[in-house]
Amino acid sequence: MKVIESKILDSLFDEFDKQESLNSNLAAAAVRGLSKDTKKEQVYDYSLNRHLDRGTTLAVALALKDYIEKNYPGQKRIGIALPACFPGAALNLAMQMAGKSSVNLNFTMGANAFQACIEKAEIKSIIGSDKVRAKVCEHSPNYPWTGDFRDIGAILKSIGKRRIALKLAAVRLLPAALLIKLFKIPTEGGDREASIIFTSGSEGSPKAAVLTHRNLMANATQMHNLGIVTEGDTLHANLPFFHSFGQSIQVWFCSIFGVRQLFVQSPLEVQANLDACRKGGSTILISTPTFLRAYYKKATQEDFASLKNVIAGAEKTPDGFAETWNAKFPKVAYREGYGLTEASPVVCVNLPENLKRGKYCPQPSGSKPKSVGELFPGMQAAVADPDTGDFMPIGETGILHLRGASIFKGYLNQPEENAKKLRNGWLNTGDLAMLDSDGYIFIKGRLSRFSKIGGEMVPHTGVEESIAKVLGLQDSEVPMIAIGSRLDPAKGEALILLSAVDIDMPQLRRKLTEAGLPNLWIPKHVVRVESIPILGTGKLDLGTIHKISKSAPV
């Protein structure tokens, strides 16, 4: 790790960026990966009770490619509405093979947000599941699906076993180069649009992040260089494909680098995930602290007998949870990482000691308490002063900025937003962070999750953790409290406590004072809600929390 002008972390940025493989088309890279040792198991789909080898995975994707080319000849982008499952992975592979841009849609979001996503990406057709569609429509009868909605099961049935068998015969016999030529697989990738992933919408309307072939190839290559997930592992794959990491690791990383995966359709199905992990031999689980809390409560040592690492991201790990996890599961290391959709998505992760790493990871692997890990190879990082935008010395706290091949090119048709987010190749993450000279990143929180009260920056997450602790809510499987804010004429802003439980505010204030919380950090206003707003990814729905807080009386 190198420090440039005492302000910029550099992790072999120039050397990594020159790799010709980063310009490959994802489809061609996946064919090369899946055509090696074609009888080796690639997928165990627990929910469908199916075991599939690499050759069959590739053959199904090739058959779906033919279907897509025949039925959607003039469409650039096609929507996908499927949970974590083998058909969803095969369909994403097929989209790239057919030269399309895949748009994995979040069918857990509200009807208005879903409609906005459809319109932004100009989606005319969706391939999904009739069962999923029916389940969504139970709660939202007028959900705005496109007029052209096709069931993946019906599509596979119409293709038939014979066509897939013919593809499989070719896959078993021919090397990758001939398969790419025979089936006319695109080979040029680079800055061509590969996929659109909608941001979580945690702070407002979801934005359409355009990810290129180079972006996704870079992030897959970075993860491979780290050495924490190898060909000998089994990835526990329960992240939705509309989640940036769900697509990048469960479709591209595993296909390109030959990593077996175990699909479970939802991280919310706690018992199913524990059963699958035990039966399928998962060795690595990627999740959020919110979901992991539920697994922690119900899992036994036997459930996690094969598991080696748990990587947590998407939200801050609550204080003490990693230690609590490691005490119960000493053979399953809890490791925190960090990423965002616009970085395709992973940026850093805490690693085991003494990993065998790739050529772009020259320094020894490791971890640091309270950090989210070491900056990925091929990236640069700096923090900027929130007021001036100037980069600050290593060791100071500011807004995290990132550069690298995995950084996206911008949001679809949002030039003003892009101008704020991207400048001279640097991505403004909106997260407050501190960097150290060893290359580790310490996230302090989102800038939008701070309130300036009486001239002091008050972190919402810190207040939430303190309240949950004094009320004994820190082990709840779902958040029971959240902090928002609204304008206050006297002090600039006022904290608003949203609570899904009844709270005696005088008693709460006394307990927080006794716990040593500064007076400015103690909310004076509470809004009782039926439940704390949460997105399908497990994150707090900050947009809804802001709306509720904004209208709260003070």
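This passage describes selected charged, polar, aromatic and backbone features of a predicted model.

Salt bridges are considered at the outset, and the structure holds 24 of them. One of these joins the side chains of Lys76 and Glu193, with an N to O distance of 3.5 Å, and this pair brings together distant parts of the chain, since Lys76 lies in the loop between helix 3 (54–71) and strand 5 (77–81) whereas Glu193 lies in strand 9, 117 residues apart. Glu193 also forms a salt bridge with Arg77, in which the closest N and O atoms are 2.7 Å apart. This second pair likewise links distant parts of the chain, with Glu193 in strand 9 and Arg77 in strand 5, 116 residues apart, and both Glu193 and Arg77 are buried. Lys76, Arg77 and Glu193 belong, together with Glu122, to a network of linked salt bridges. A further salt bridge is found between the side chains of Glu188 and Arg192, at 2.8 Å from N to O; Arg192 has a relative accessibility of 45% and therefore counts as partly exposed, the range for that class lying between 20% and 50%.

A contrasting case is provided by Asp541, which is located in the loop between strand 27 (525–528) and helix 17 (542–550). Asp541 is buried but takes part in no salt bridge, and the nearest side chain of opposite charge, that of Lys547, is 7.7 Å away, a distance that exceeds the 4 Å limit for a salt bridge. The side chain of Asp541 does, however, make a polar contact of 2.8 Å with the side chain of Thr544.

A polar contact between side chains is also present at Asn104, a residue of strand 6 (residues 101–104), where Asn104 and Asn92 are joined at 2.9 Å. The relative accessible area of Asn104 is 2%, so this residue is buried. When neighbours within four places in sequence are left aside, the residues in contact with Asn104 are Ile80, Asn92, Ile196, Phe241, Phe242 and Gln247.

Ile196 is also among the contacts of Val210, which, with the same sequence neighbours set aside, are Glu193, Ser195, Ile196, Asn215, Phe408, Lys409, Gly410 and Leu412. Val210 is placed in strand 10 (residues 208–212) and, at 13% relative accessibility, counts as buried. Although Val210 and Glu342 are 132 residues apart in sequence, their C-alpha atoms are 8.2 Å apart in space.

With regard to aromatic side chains, 21 aromatic pairs are found in a search of the whole structure. Tyr44 and Tyr46 form an edge-to-face pair, with a centre to centre distance of 6.4 Å and an angle of 85° between the planes, and Tyr44 counts as buried at 8% relative accessibility. The rings of Phe253 and Phe257 have centres 5.5 Å apart and planes at 45°, so this pair is classed as tilted. Because Phe253 and Phe257 are four residues apart in helix 10 (residues 244–257), about one helical turn separates them; Phe253 itself is buried, with a relative accessibility of 0%. Elsewhere, Tyr296, Phe304, Phe321, Trp325, Phe329 and Tyr334 are linked by ring pairs into a cluster. Aromatic rings are also found with charged groups over them: the charged end of Arg133 sits over the ring of Phe149, 4.6 Å from the ring centre, and Lys207 lies over the face of Tyr411 at 5.4 Å from the ring centre.

The backbone, finally, shows several features that can be set against a general background, in which most residues other than glycine have a negative phi and most peptide bonds are trans. A cis peptide bond, with omega at about -5°, joins Ser344 and Pro345, and Pro345 is located in the loop between strand 15 (333–339) and strand 16 (346–349). Asn49, which is not a glycine, has a positive phi of about 55° and lies in the loop between strand 3 (41–45) and strand 4 (50–53), where its relative accessible area of 58% makes it exposed. A positive phi, near 55°, is likewise found at Lys184, a residue in the loop between helix 8 (176–182) and strand 9 (193–198); with a relative accessible area of 68%, Lys184 is exposed.

Methods
Residues numbered from 1 in each chain as written. Predicted model: local features only at pLDDT ≥ 70, side-chain atom pairs only at ≥ 80, totals over all residues. Heavy atoms only, no water. Helix = DSSP H or I, 4+ residues; strand = E, 2+ residues; numbered from the N terminus. Buried < 20%, exposed > 50% of the residue type's maximum accessible area, 1.4 Å probe, protein only. Lys, Arg positive; Asp, Glu negative; His and termini not counted. Polar contact = N/O pair within 3.5 Å; in protein donor to acceptor, adjacent residues only side chain to side chain. Phe/Tyr/Trp six-rings, centres within 6.5 Å; stacked < 30°, edge-to-face > 60°. Lys NZ or Arg CZ within 6 Å of the ring centre and 35° of its normal. Contact = heavy atoms within 4.5 Å.
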